[in-house]
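Student: I should like to learn how helices and sheets are read from a set of coordinates. Could we work through an example together?

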Amino acid sequence: MLFRSPTKPGTAYFNFTASHDGIGVRPLEGLVEPERFEQLVSAVRARGGHVSTKRNPDGSDTPYELTIAYFPAPGPPEDDPESISPECHVRRFLSSQAVMLALRGIPGVYFQSLVGTSNDRDGVKATGRARSINRRKFHRDELNDRLHNPAAVEKQVFDGYRKLLATRIEQPAFHPDATQSFVDFENPSVIAFLRSSGDGQQRILALTNVADRAATLKISNCVDSPGGRDLLGGPNTEDGHLTLQPFATAWFELD
């Protein structure tokens, strides 16, 4: 979860978005409104995922785990594949990973996410287990071909993920012990938090726009800095104003 207390000295959170297992949803009970929870379940089914349920004492069934490869989860529904362009799909997915990578703690990157693997339907049929949907096994030659094809989604995700990782490891403000505070731009579509290195020499404002419309922000309204440099190569800001494109991420090293 994004809003959480700091860890004790000598410990760190382990942050990840996907693993070889499904996505447990029991922790959402009491935190997410039932209507929004149902929307999540329906969205996973619409993208080819499976929903595992538990039987309640009254005989009803309640979802406890969603099984879907993480890359198709923020993508278009199967019955409307053109509702989201491939470029936008890749950007949405990578922004979700950028949030995870920038959070205080140690990131864990699942291989299937690293290369943007789709749902493995054949794996589910072969094993009879829903969790096989996110356990794709590649032949080396097949994966190499995809990672060397500029038009392949796998290459686009892999190159984007490598850039995020290469940028992250060079920043003292992303050390597991670097402080973290959340920033409210009064825009519900923007996830924003500030990371500060232990020696106070570097501050990074991590921003992600999770909406399908641009978001214009004034950084100086929320942090004591007129602007900074986007470590991911986006436009810099000198007057304190910044426009985040739909599903875009920026890691601003503040002046």
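Tutor: We begin with a definition: the expected span of a helix is 1.5 Å times one less than its number of residues. The model before us is predicted.

Student: What span should the 13 residues of helix H1 have?

Tutor: Helix H1 comprises residues 34-46, and at 1.5 Å a residue it should span 18 Å. Its end C-alpha atoms are 18 Å apart, so the expectation and the model agree.

Student: Which residues of H1 are buried?

Tutor: Buried means under 20% relative accessible area. Phe 37, Val 41 and Val 44 meet that criterion in H1. They cover an arc of only 60° around the axis and therefore lie on the same side of H1. The buried residues of H1 pack against strand E3 (50-55) and strand E4 (61-67).

Student: Which exposed residues does the face turned away from the buried side carry?

Tutor: That face of H1 carries Glu 35, Arg 36 and Gln 39. Just after H1, Gly 48 adopts a positive phi of about 85°.

Student: How are strands joined in a sheet?

Tutor: Strands of a sheet pair through backbone hydrogen bonds, either parallel or antiparallel. Here, five strands form an open sheet with antiparallel pairing, in the order E6-E7-E8-E12-E10. Strand E6 (179-182) and strand E10 (228-230) are the edge strands, each pairing on one side only. The twist averages 25° from one strand to the next.

Student: How many bridges join E10 to strand E12?

Tutor: Three bridges join E10 to the antiparallel strand E12 (residues 249-254). Gly 228 stands opposite Leu 254 in E12. Helix H2 (residues 86-102) packs on the sheet, and its direction makes about 35° with that of E12.

Definitions and conventions. Residues are numbered from 1 along each chain as its sequence is written. This is a predicted model: local features need pLDDT of at least 70, side-chain atom pairs count only at pLDDT 80 or more; totals for chains, interfaces and linings use all residues. Side-chain values use heavy atoms; hydrogens and water are left out. Helices (H or I, at least four residues) and strands (E, at least two) are DSSP runs, numbered from the N terminus. Buried means under 20% relative accessible area, exposed over 50%, partly exposed in between (1.4 Å probe, protein chains only). The arc is that of the directions from the helix axis to the C-beta atoms. Contact means heavy atoms within 4.5 Å. Two strands pair if DSSP finds at least two bridges between them. Axes are lines fitted to C-alpha atoms, for helices over the stretch in contact, and angles run from 0 to 180 degrees between N-to-C directions.
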